[in-house]
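Reader: I would like to learn how to read helix packing and internal cavities in a model of this kind. Could you take me through some cases, giving the general idea before the particulars?

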Amino acid sequence: MTEQSVIEPYRIAGSAPDLRKSWTEARASRSLILTVGAWIVALVASVPLFSVLYMLIVQGGSRLSLDLLTELPPAGFELGGGFGNAIVGTLVMVAIAAVVSIPVGILAATYLAELSPESKLASAARFLAKVLTGFPSILAGVFVYAILVLAMGTYSAWAGGISLAVLMLPTVVLTAEEAMKTVPRRMKDAALGMGCTRTQMIWKIVLPTALPGILTGVILGVARVAGESAPLLFTALFSNYWLHSLSEPTASLSILIYNFSSMPFDNQIELAWAASLILVLIVLVFNVLSRVVGRSRI
Amino acid sequence: MAANAFEGAAPRGAITQPPSSNEYLTDRGFRLLTVCGASLIILLVGYILWKIGGQALPAIYRYHLGFLISTNWNVADQNFGILPEIWGTLYSSILALVIGGFFGLTVAIFLTQDFLPLRLALVFRTIIEMLAAIPSVVFGLWGIFVVIPAIRPIANWLYDILGWIPFFGSSLSGPGLLPAALVLAIMILPTVAAISQDALNLVPYRTKEAAYGLGTTRWEAILKVMVPTAAGGIASAMVLGFGRALGETMALAMLIGNSNQISLSLFAPAQTLASLLASHFPEAGAIEVQALMYAALVLLAITLVVNMMGTAILTITQRRISGRS
């Protein structure tokens, strides 16, 4: 068949066919409608965030003052008050979680990324870490209640911190592993070729090079657990007083919000909004920090 | 510990030298530590199962499987069952998955298929990611003071007009299933969107080029080529989103009304496994704690199975797609 004979029918029709789609065609107009639909869905999907932020700023912002940070939660009909003890409690428990989960997480990640990524142990650990990221946070509370609260006989900051550590661990492991995998093979081979042991190679090449990525993961983990409340419900419980010892019930911002949200007093509701604003600010600061740190990676 | 195999291996006067015995031992020690770290994850999961299972054991002996189909939660009679909670958990999660899954997938398509200039897409992605950063309690508080007042008139109007349909069979007096499911949908949206985006990004660009080359419209390319190719990843996004919805606690405890009943109505208060734990655990006595541990074990089993399924689908499809391209 020659090229001529293919083109021939159009010649007879008088002009070349218009190959561009016209939007009046059913297929094209369907596509257009779907595009408009996607825009609407995407805009609707962003409404909740702005609504939440608006409410936080209007409701929480109106109550913002220095008293919030220095005073204790008010009882029933009292006016004023603050939640200084809850901020301290949240920070202390997040710190416990970080101190416990970061070393373990990075050691595990080193094994997964560097020492034997293909081994059975590594695949099992990696799979379970991924499964743990979707682990219901309240079950971390139930677990720590069973191992710590029952054993110690009291609710405590330790128990709260450990339950947060359980939730933080998988985030640290998986992001640190990803970060270590991005270290170029050549750098590692160069170190090994110089006669480094694997340990020296990891400490002098892999960890420093992957540090920004690892930090990103750690900070993300901190941000994730700072806002958690379900695991604290029956591990740290709540307290209306300042933190004196790590072995006693401890206040946290998220539990304060939960408790106050169901109270019939305006003062407590306002405080719940103000606490939400501060909690979201803490979480967002960590989130932004992780992005800034992550951007400086190789 | 094995002896240093390199001992004395260096020729005299060499610039470089093999690791000393000390370095050799440090290396061994450190590697052992990392093995411990990795094993700890596995041990942790095992310990969680063993510990919660162990605490639930007395309740399992006492109530057997009847626990799963009984509708009572009576502390005085020590008569416990979690059928309403299982019903509420599945009902709210499925509802949330339908809404959140639809929105999440659409957002993922919107962000990956060149609807927006790159810079704007990045801003939009950040907005959706920030949604994931908002703590659950804050969503609960927002739900109480924004979502419930907003949907109450619509819900009660539907009840007045279509009350004979079981889904609208009661009025919305405050907390209820629908507000809880709506907030839940918002909370799983970022999970679904993020994993679906990764799945869509994994599809090689030439696949789409080929579709366009055949003369498809944008949406024919998306719906008939891109989405089916990324189907595995999108399926795992849905499953993992579902798993997240099943285990979500605080927002539900604040919004669902914590009422021990089974109702088809979207506006009736209900109860989920997680909210049962949150609302009953702090004040529970010894016997009730055992029953709650049994409920926790059921929740653990359901979420572990769902999450393992999601993770397995994801791992397999990622391996397949990256192997193919």
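Reader: Which residues of H11(A) meet H5(B), and how should I read such a contact?

Author: Please keep in mind throughout that this is a predicted model. Two packed helices are described by the angle between their axes and the distance between the axes. In this structure, Ile269(A), Ala272(A), Trp273(A), Ser276(A), Leu279(A) and Val280(A) in H11(A) meet a set in H5(B) made up of Val137(B), Val138(B), Leu141(B), Trp142(B) and Phe145(B). By class, the residues of this contact are 10 nonpolar and 1 polar, with no charged residue. Helix H11 of chain A covers residues 266–295 and helix H5 of chain B covers residues 136–162, and the two pack at an angle of about 140° with their axes 10 Å apart.

Reader: What orientation do H11(A) and H5(B) have to each other, and which hand does the crossing have?

Author: Angles over 145 degrees count as roughly antiparallel, and the angle here is about 140°, so H11(A) and H5(B) are oblique to each other. Their crossing is left-handed.

Reader: Which residues make the contact of H2(A) with H11(A)?

Author: The axes of helix H2 of chain A (residues 26–61) and H11(A) come within 8 Å and cross at roughly 125°, which makes H2(A) oblique to H11(A). This crossing is left-handed. From H2(A) the contact takes Met55(A), Leu56(A), Ile57(A), Gln59(A), Gly60(A) and Gly61(A), and from H11(A) it takes Trp273(A), Ala274(A), Ser276(A), Leu277(A) and Val280(A). These residues divide into 7 nonpolar, 4 polar and no charged. Trp273(A), Ser276(A) and Val280(A) are among the residues of H11(A) that meet H5(B), and they also take part in the contact with H2(A).

Reader: How do H3(B) and H6(B) cross within chain B?

Author: The axes of H3(B) and H6(B) come within 6 Å and cross at roughly 40°, and that angle makes H3(B) oblique to H6(B). The crossing is right-handed, and the residues of the contact divide into 22 nonpolar, 9 polar and no charged.

Reader: Turning to internal space, how many cavities of 30 Å³ or more does the structure hold, and which helices supply the lining of the largest cavity?

Author: A useful way to read a cavity is to take its volume, then its lining. The structure holds 4 cavities of 30 Å³ or more, and about 90 Å³ of space lies in the largest cavity. Its lining has 14 residues, of which Ala199(B), Leu202(B), Gly233(B), Thr317(B) and Ile321(B) lie nearest the centre. Helices H6 (177–202), H9 (231–247) and H12 (286–324) of chain B each supply at least two residues of that lining, and the largest share, 5 residues, comes from H12(B). By class, the lining of the largest cavity has 7 nonpolar, 5 polar and 2 charged residues.

Reader: Which residues line the second largest cavity?

Author: The second largest cavity, with a volume of about 50 Å³, is lined by Trp87(B), Gly88(B), Tyr91(B), Leu177(B), Gln261(B), Ser263(B), Ser265(B), Ala268(B), Pro269(B) and Ala270(B). Helix H3 of chain B (residues 83–112) gives the most to this lining, with 3 residues. The classes here are 6 nonpolar, 4 polar and no charged residues.

Reader: Where in chain B does His64(B) lie, and what is its phi?

Author: His64(B) has a positive phi of about 50° although it is not a glycine, and it lies in the loop between helix H1 (21–63) and helix H2 (66–69) of chain B.

Terms used
Residues numbered from 1 in each chain as written. Chains lettered and ligands numbered in written order. Predicted model: local features only at pLDDT ≥ 70, side-chain atom pairs only at ≥ 80, totals over all residues. Heavy atoms only, no water. Axes fitted to C-alpha atoms, helices over the stretch in contact; angles between N-to-C directions. Helix = DSSP H or I, 4+ residues; strand = E, 2+ residues; numbered from the N terminus. Parallel < 35°, antiparallel > 145°, perpendicular 65-115°, else oblique. Left-handed = near helix turned anticlockwise from the far one by under 90°. Contact = heavy atoms within 4.5 Å. Nonpolar A, V, L, I, M, F, W, Y, C, P; charged D, E, K, R; others polar. 1 Å grid on protein atoms, 1.4 Å probe; cavity = no way out; pocket = protein on both sides within 12 Å on 5 of 7 lines; lining within 4 Å. Points joined across faces, edges and corners; volume = space filled by probe spheres on them.
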